[in-house]
Amino acid sequence: MYLVESKGGAIVCMFLALFFLGTWPAIMTLLERRGRLPQHTYLDYTITNLLAAIIIAFTFGEIGKSTTESPNFMTQLSKLSDNWPLILFAMAGGVVLSLGNLSTQYAWAFVGLSVTEVITSSMTVVIGTTLNYFLDDKINKAEILFPGVGCFLIAACLGSAVHSSNAADNREKLNSASSKQISGTEVRGSSATNEASATKESFDLENGKSSEKAKAGSVAFLLELESRRSIKVFGRGIFIGLAITFFAGVCFSLFSPAFNLATNDQWHTLKEGVPKLVVYTAFFWFSVSCFVIAIILNVTFLYHPILDLPRSSLKAYVNDWNGRGWAFLAGLLCGFGNGLQFMGGQAAGYAAADAVQALPLVSTFWGILIFGEYRRSSRRTYVLLASMLFMFIVAVGVLMGSSGHRK
């Protein structure tokens, strides 16, 4: 099997993972904003997410000769009875990741892409990176690692300030609009809602074509977005979104330590002479459990939807090809991103690999480019946004600089 053995190779894996893991949330958000049901999107995403793990296992996991200490993927897969304690750790990591990813899909609508990623990433770094540091027998440089954690906390605070400032800007836009303008837009929006049932199938989610397009950041844009998106957020308290976001953050903070235990057996659960799970075998079982939980929950949500979403069915899901290609792409990006993160972590330490939690840097870029987030905002919002992005750049550099080398 192929192993990343150099610090440079580990850092390349982390940078690629950072890009992939920061891009797939933007794709999922894009589909929700265009009206596709999140249950349909997540089921598609789940399929290719597992496919990515299978591709990695049968390629990188089968390269080279199999040895006793580092068996190839298929060799180790056939010895379930010897490795089941570590397989359970890997599967536990997949369960919490699946719950976290599923939660953020709804949090993006309520709290916004950028601030959701900032909060969850901050919690992952503070809790997960600290756990990984001790699980890895402190192979990372503490004098560099923990200042990096501090940079993440500062960036998280700035991210919250960006969200607060942007929300205030949006409220001001809505309040400044005349009652006549608001009323006229609402009437148009209600008629558009009625038309939506008849024209929804003709709306091109793949290309995002629409007959009218309001300018990003305008009052018309905000109202049009609310009428088109699948998860309605107007009139709902901010507590719902924040609660979902913090729950996702707790889940994300636990999946990497669980995977760490699965590949390094710090708690000595294996019998003497039994090799530890290689990263590819662990990632396979990790992804299988992630897949199973996602299928169970999302099929349930088809028939018993949450947050006032419309009821769907398996037949409706199978026939819903509008936007499916984007959802498949999101699953591949997430799957390969997680795999690269774990490959880098096995070489340089999982605490340093948590530098990919700087993914809000990438998500914010896509949020601005695709969704027009922060358009027509105040100068204060722009200053806070620039400060947040700068601090994330510092954070990822510092965490990567803390990389050690596993003996």
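# A guided tour of the helices

Begin by selecting helix α14, residues 360-371, where the buried residues are P360, V362, S363, T364, W366, G367 and F371. Immediately after α14 comes G372, which has a positive phi, near 70 degrees. The coordinates on display are those of a predicted model.

**The whole chain**

Next, display the entire protein chain. Its secondary structure consists of 15 helices and zero strands. The chain has 407 residues, of which 55% count as buried. Among the contacts with a separation of 6 or more, 85% are between residues 24 or more positions apart.

Now colour the chain by pLDDT. The average is 81, and 82% of the residues score at least 70. Select residues 185-203, where the pLDDT is below 50; beyond near neighbours in sequence, this stretch has nine contacts in the model. Where pLDDT is low, the predicted coordinates should not be read in detail.

**Helix α1 and residue L30**

Return to α14 and keep F371 in view, since the next stop leads back to that helix. Select L30, which belongs to helix α1, residues 7-33. Is L30 buried or exposed? L30 counts as buried because its relative accessibility is 10%, below the 20% cut-off. Once its neighbours within four places in sequence are set aside, L30 is in contact with I370 and F371. Add R229 to the selection: L30 and R229 stand 199 residues apart along the chain, yet their C-alpha atoms are separated by 9.4 Å.

**Helices α4 and α10**

The following stop is a pair of helices. Two packed helices are described by the angle between their axes and the distance between the axes. Select α4, residues 80-111, together with α10, residues 279-303; they pack at an angle of about 45 degrees, and their axes are 6 Å apart. This angle makes α4 oblique to α10. Their crossing is right-handed. On the α4 side, the residues making the contact include L80, I87, G93, G94, L97 and L102. On the α10 side they include W285, F286, I293, N298 and F301. Which classes of residue form the contact of α4 with α10? It has 17 nonpolar, five polar and no charged residues.

**Residue N298 and helix α2**

Stay on α10 and select N298, a residue of that helix. N298 counts as buried, for its relative accessibility is 0%. Not counting residues up to four places away in sequence, N298 touches P38, Q39, Y42, L43 and L102.

Then select α2, residues 38-59, alongside α4. These two helices pack at an angle of about 145 degrees, with axes 11 Å apart, and their crossing is right-handed. Here P38, Q39, T41, Y42 and Y45 of α2 meet S98, N101, L102, Q105 and Y106 of α4. By class, this contact of α2 with α4 has five nonpolar, five polar and no charged residues.

**Helix α12 and residue N338**

For the final stop, select N338 in helix α12, residues 324-348. N338 is buried, its relative accessible area being 3%. Which residues are in contact with N338, leaving aside its neighbours within four places in sequence? They are L21, L97 and F283. With L97 selected, the tour returns to a residue of α4 that takes part in the contact with α10.

Notes:
Residues numbered from 1 in each chain as written. Predicted model: local features only at pLDDT ≥ 70, side-chain atom pairs only at ≥ 80, totals over all residues. Heavy atoms only, no water. Axes fitted to C-alpha atoms, helices over the stretch in contact; angles between N-to-C directions. Helix = DSSP H or I, 4+ residues; strand = E, 2+ residues; numbered from the N terminus. Parallel < 35°, antiparallel > 145°, perpendicular 65-115°, else oblique. Left-handed = near helix turned anticlockwise from the far one by under 90°. Contact = heavy atoms within 4.5 Å. Nonpolar A, V, L, I, M, F, W, Y, C, P; charged D, E, K, R; others polar. Buried < 20%, exposed > 50% of the residue type's maximum accessible area, 1.4 Å probe, protein only. pLDDT = per-residue confidence, 0-100.
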